[in-house]
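Grab a coffee and work through these exercises with the model open beside you. Each one sets a task and then walks through the solution.

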Amino acid sequence: MAGAAIGAVQKKRDTARIMRKAYSTRLGEMYCGRIEDALTTTKFRSLKGKVNLILTSPPFPLVTKKAYGNEVGEQYLSWLCSLASPLSDLLTPDGSIVIEIGNAWNEGVPSMSTLPLEALLAFIG
């Protein structure tokens, strides 16, 4: 029995590392963390079909690699698309996903990249 209790405590610590509850009200909760990690937790899997709104501001679809390790180009598109189905599964029939996707500039020229638009279209496609 002690092993099971230790395992449960460790699982709770692991969950705390990958996402943290920012706040809660009688209307719901807000969590901060990496979406890929949050979607693997028991807490989020238990929300399937129960979420009315997902509001997210993922890393922007930048054209060049930054020091903080963002995905770029096709890798960004693949990453964002990989989230579409798991996030949609959480929604109620009348639920919505709101995504803040910023713009990106083409390196060395005064023009905007189409990557943000491509990312959004790939996500809903």
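**Exercise 1. Work out how far to trust the start of the chain.**

Start with residues 12-16: their pLDDT (the predictor's confidence in each residue, from 0 to 100) stays under 50, and the model gives them one contact beyond four places in sequence. A contact here means heavy atoms within 4.5 Å.

Next, zoom out. This is a predicted model, where local features need pLDDT of at least 70 and side-chain atom pairs count only at pLDDT 80 or more, while totals for chains, interfaces and linings use all residues. Residues are numbered from 1 along each chain as its sequence is written, and side-chain values use heavy atoms, with hydrogens and water left out.

The protein averages a pLDDT of 82, with 86% of the residues scoring at least 70. Confidence bottoms out in helix α1 (residues 2-18), at a mean of 50, and peaks in β4, at 96. Helices (H or I, at least four residues) and strands (E, at least two) are DSSP runs, numbered from the N terminus. Residues 5-10 also have a pLDDT below 50, and that stretch has one contact in the model beyond near neighbours in sequence.

**Exercise 2. Find out which parts build the largest nonpolar core.**

First, the rule: a nonpolar core is a set of buried Ala, Val, Leu, Ile, Met, Phe, Trp, Tyr and Cys residues joined through side-chain atoms within 4.5 Å. Buried means under 20% relative accessible area, exposed over 50%, and partly exposed in between (1.4 Å probe, protein chains only).

Now pick out the hubs: of the 19 residues in this core, Leu-80, Leu-83, Leu-87, Leu-90 and Phe-123 touch the most other members. At least two residues each come from β3 (51-56), α4 (73-90), β4 (91-99) and α5 (115-124). Helix α4 gives the largest share, eight residues.

Finally, follow one hub. Leaving out residues up to four places away in sequence, Leu-80 touches Pro-58, Ile-101, Ala-119 and Phe-123.

**Exercise 3. Classify the aromatic pairs.**

Rings of Phe, Tyr and Trp (its six-membered ring) pair if their centres lie within 6.5 Å; planes under 30 degrees apart are stacked, over 60 edge-to-face, and the rest tilted. The structure holds two such pairs.

Tyr-31 and Phe-44 are edge-to-face, at 5.5 Å centre to centre and 70° between the planes. Tyr-31 sits in strand β2 (residues 28-33) and Phe-44 in helix α3 (residues 42-45), so the pair ties together parts 13 residues apart in sequence.

Tyr-76 and Trp-79 are tilted, at 5.5 Å and 50°. Both are buried.
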